[in-house]
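Me: Could you take me through one part of this structure, slowly and in plain words? I'd like a close look at the place where the ligand sits.

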Amino acid sequence: MRVLVTPDYRTLSQTAAELVIKAVLAKSDLRLGLPTGRMLLGTYEELVKKHRDEHFDFSKLITFNLDEYLGLALDHPKSYRMYMRRHFFEHVNISPANTHIPDGSPGIDPDRESERYEKAIHGAGGLDLLIVGIGANGHIAFNEPGAAFDSRTRAVDLAPETMSNAKQYFGTDSVPARAITMGIGTMLEARRILLLAAGASKADAVDRALRGPVSRDVPASALQLHPRVIVILDEAANRK
Ligand code: GLP
């Protein structure tokens with residue numbers, strides 16, 4: 001793993017965005033795995049700026065989001081689908097047909113949808129670059145502690161701490177208890193992985209993921225098994 005420590009969140013976001021830009025320049029139809037969460041807001045902001053100020057071309061980019069809540073309507077403001085529109089897709093020239101997010105809307109069959117999604121990733125030739133954040137409990141996407149390292153895209157229950165953390169975003173709405181997530185096995189097949197973490201609340205999870213034993217108790221520790229991982233941290237997340 002290559003670990004870059006940046007002085008602050010802004011520099012971290014710029015560094016991550018530059019890496020994505022370079023990858024798109026090298027391969028315009030890059031297959032890019034994308035996360036959501038607060039962590040990524042700065043990176044999306046930088047990518048949007050690159051398009052707005054320099055007309056950077058995202059028209060051939062193909063994206064696959066990591067996960068989506070189960071039980072929220074497609075246009076629910078807290079769905080990851082809406083997050084992606086609001087923070088990235090609506091502001092760049094990506095083709096909507098090239099953006100993929102699991103469908104977690106009410107009435108969907110989660111097992112069939114998971115299988116369809118996994119096949120779509122394979123059908124596209126797999127992921128060239130996968131960006132991941134990390135939960136305070138060490139989760140990646142919605143692979144909570146205990147998830148198998150060979151897991152595929154599937155429906156999962158959210159850990160209690162993940163749900164209570166999400167409460168701040170849902171306000172009076174109840175937080176979904178389940179989600180569809182790419183599996184750890186699916187994620188490890190990406191050709192390159194970029195892990196991003198900022199803030200003191202992630203320092204312990206980062207330490208366990210990067211420097212602790214590889215263990216199912218810390219899903220992000222699975223990344224130690226991948227040959228091409230770049231980790232970008234801010235100072236606060238790098239506290240040992
Ligand atoms: C959610 C997402 C993850 C994300 C994590 C951390 O659980 N499913 O993909 O990495 O939150 O989010 P944040 O960056 O808001 O701390």
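Reply: Sure, and keep in mind that this is a predicted model. Let's start with Tyr 80: an N or O atom in the side chain of Tyr 80 is 3.4 Å from a nitrogen atom of the ligand. His 139 also uses its side chain, with an N or O atom 2.9 Å from an oxygen atom of the ligand. Arg 38 works through its backbone instead: a backbone N or O atom there lies 2.7 Å from a ligand oxygen. On its own, the ligand has 390 Å² of accessible area, and the protein covers 92% of that.

Now for the neighbours. Besides those three, the residues around the ligand include Gly 37, Met 39, Asp 67, Phe 142, Tyr 169 and Lys 202. Sorted by class, this shell has six nonpolar, three polar and three charged residues.

Next, zoom out a bit. The ligand sits in the largest pocket, which has a volume of about 870 Å³. Its lining is made of 35 residues, and the ones nearest the centre are Gly 37, Arg 38, Tyr 80, Asn 165 and Tyr 169. By class, that lining has 18 nonpolar, 11 polar and six charged residues.

Where does the lining come from? Strand S4 (67–69), helix H3 (80–87) and helix H5 (160–170) each supply at least two residues. H5 gives the most, with six residues.

Conventions
Residues numbered from 1 in each chain as written. Predicted model: local features only at pLDDT ≥ 70, side-chain atom pairs only at ≥ 80, totals over all residues. Heavy atoms only, no water. Near = heavy atom within 4 Å. Polar contact = N/O pair within 3.5 Å; in protein donor to acceptor, adjacent residues only side chain to side chain. Areas by Shrake-Rupley, 256 points an atom, 1.4 Å probe, with all protein chains shown as cover. 1 Å grid on protein atoms, 1.4 Å probe; cavity = no way out; pocket = protein on both sides within 12 Å on 5 of 7 lines; lining within 4 Å. Sits in = over half its atoms within 2 Å of the grid points. Nonpolar A, V, L, I, M, F, W, Y, C, P; charged D, E, K, R; others polar. Points joined across faces, edges and corners; volume = space filled by probe spheres on them. Helix = DSSP H or I, 4+ residues; strand = E, 2+ residues; numbered from the N terminus.
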